[in-house]
Amino acid sequence: MTCVLFSAFASSQQSFTVGTATAAPGQKALGFIEVPARGDAAASIPVAVFQGAKPGPVLALVSGSHGTEYASIIALERVIQTLDPAQISGTVIVLPLVNVPSFLQKVPHVNPVDGKSMNRFYPGNAEGTQTDRVSYAITKQVVERCDYLIDYHGGDLDENLRPYSYWPKSGNAKQDATTHDMVMAFGLDHVIVWSDRPKDPAASRFLDNTANTRGKPAIAVEAGYSGTVRPEDVSALLSGTLSVMRYLKMLPGAPTVVEHPVFLGKVDTVSSEQDGIFYPTVERGTYVEPGMKVGYVTDYFGKVIQEAKAPAAGVVLYICGVPSMKKGDAIANIGEVTTTP
Ligand SMILES: [Zn+2]
């Protein structure tokens with residue numbers, strides 16, 4: 001018996017490589033996923049690999065596809081400093097900052113190299129622009145090699161956001177049960193139930209959906225807002241990560257699960273009808289009734305040109321946090337509570 005166990009143990013003890021980072025069992029390695037130039041600039045995506053001393057699943061943690069959603073990026077910096085490979089069963093791949101140009105240039109929402117959101121072009125394209133090529137590299141080198149994935153976001157520079165997570169329902173009961181448990185273990189108490197995501201793995205668009213359409217349970221989480229790095233947001237993302245690792249039996253101990261989740265079945269976006277100056281009248285997290293004013297838009301001389309009202313009852317997931325308001329941009333996202341997720 002001892003012999004069999006030893007051999008199973010020994011056979012799982014191999015090094016694990018992502019990009020230039022190769023971690024031997026019980027070790028951590030740091031490096032980069034190098035994406036060569038092709039039409040536009042090359043990209044160099046930082047990666048940390050933790051190869052546990054004991055066998056277990058491969059978990060991928062990805063942040064910073066929007067490079068100014070700072071709390072989520074700093075949270076994965078903390079994860080890199082916190083994890084001890086000697087304590088881990090399995091492998092953890094951490095990409096703390098996918099969109100380096102956005103971070104360096106302080107450009108929200110998109111990669112300034114090609115103007116594309118880095119969470120809309122999965123599974124990517126090896127012959128496209130930088131966002132396409134980076135997305136392709138992450139699909140091949142991270143998504144296809146992991147068993148579970150968490151994608152981290154938050155309110156961007158202009159988004160005053162309350163924390164929440166996404167439960168992506170695929171229709172596959174077993175996978176949906178796992179992603180449900182991952183969301184509960186992560187610990188954010190407001191959960192958007194997202195059931196209308198693309199089903200085609202070749203047109204998966206979002207990172208978590210790229211994993212889910214390949215049979216790898218994945219969730220997305222959001223905390224932080226408006227350029228801030230609040231300790232409570234960072235610690236919620238850090239402790240949620242460790243709790244999911246306990247749920248997956250990659251760390252000893254039991255996960256801490258949400259006791260009273262609030263499920264949101266539909267998200268309404270209130271958009272601006274014109275260019276102008278925005279003034280919010282509610283805070284993130286406010287519960288609103290249908291028709292309640294959430295803010296207003298003026299022209300550049302102070303004349304009110306739009307009263308922005310909630311179309312339905314729900315919770316303000318985020319509200320624009322800056323005066324800049326362009327026609328068609330989101331003023332607020334309001335999540336409608338559902339009791340039948
Ligand atoms: Zn984001």
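This is a short exchange about a predicted model and the terms used for some of its residues and helices.

Trainee: Where is Thr-91 found?

Mentor: Thr-91 is in strand S6, residues 89–95.

Trainee: Why does Thr-91 count as buried?

Mentor: Its relative accessibility is 5%. Buried means under 20%. So Thr-91 counts as buried.

Trainee: What makes the link between Thr-91 and Gln-51 a polar contact?

Mentor: The distance joining the two side chains is 2.4 Å. The cut-off asks for N or O atoms within 3.5 Å. The pair of Thr-91 and Gln-51 is therefore called a polar contact.

Trainee: Which residues is Thr-91 in contact with, leaving aside neighbours within four places in sequence?

Mentor: Gln-51 is one of them. The others are Phe-16, Val-49, Phe-50, Pro-57, Val-58, Leu-59 and Met-250.

Trainee: How do you know that Ile-33 is buried?

Mentor: Ile-33 has 1% relative accessibility. The limit for buried is under 20%, so Ile-33 counts as buried. Its place is in strand S3, residues 27–35. Beyond four places in sequence, its contacts include Val-18, Ala-43, Ile-45, Leu-95, Ala-137 and Val-142.

Trainee: How far apart are Ile-33 and Val-110 in sequence and in space?

Mentor: They are 77 residues apart in sequence. C-alpha to C-alpha, Ile-33 and Val-110 are 20 Å apart.

Trainee: What makes His-66 buried, when it is found in a loop?

Mentor: The value decides. His-66 has a relative accessible area of 9%. Buried means under 20%, so His-66 is buried. Its loop runs between strand S5 (54–63) and helix H2 (70–82). Not counting residues up to four places away, His-66 touches His-109, His-153 and Asp-156, among others.

Trainee: Why are H5 and H7 called oblique to each other?

Mentor: Helix H5 (residues 173–186) and helix H7 (residues 231–247) pack at about 135 degrees. Roughly antiparallel needs over 145, and roughly perpendicular covers 65 to 115. The angle of about 135 fits neither, so H5 and H7 are oblique. Their axes are 7 Å apart, and the crossing is right-handed.

Trainee: Which residues of H5 meet H7?

Mentor: Thr-178, Asp-181, Met-182, Ala-185 and Phe-186. From H7, the partners include Ala-236, Leu-237, Gly-240 and Tyr-247. By class, the contact of H5 with H7 has seven nonpolar, four polar and one charged residues.

Trainee: What makes Asp-181 charged and Gly-240 polar in that contact?

Mentor: Asp counts as charged by definition, and Gly is placed among the polar residues. So Asp-181 is charged and Gly-240 is polar.

Note on methods
Residues numbered from 1 in each chain as written. Predicted model: local features only at pLDDT ≥ 70, side-chain atom pairs only at ≥ 80, totals over all residues. Heavy atoms only, no water. Helix = DSSP H or I, 4+ residues; strand = E, 2+ residues; numbered from the N terminus. Buried < 20%, exposed > 50% of the residue type's maximum accessible area, 1.4 Å probe, protein only. Polar contact = N/O pair within 3.5 Å; in protein donor to acceptor, adjacent residues only side chain to side chain. Contact = heavy atoms within 4.5 Å. Axes fitted to C-alpha atoms, helices over the stretch in contact; angles between N-to-C directions. Parallel < 35°, antiparallel > 145°, perpendicular 65-115°, else oblique. Left-handed = near helix turned anticlockwise from the far one by under 90°.
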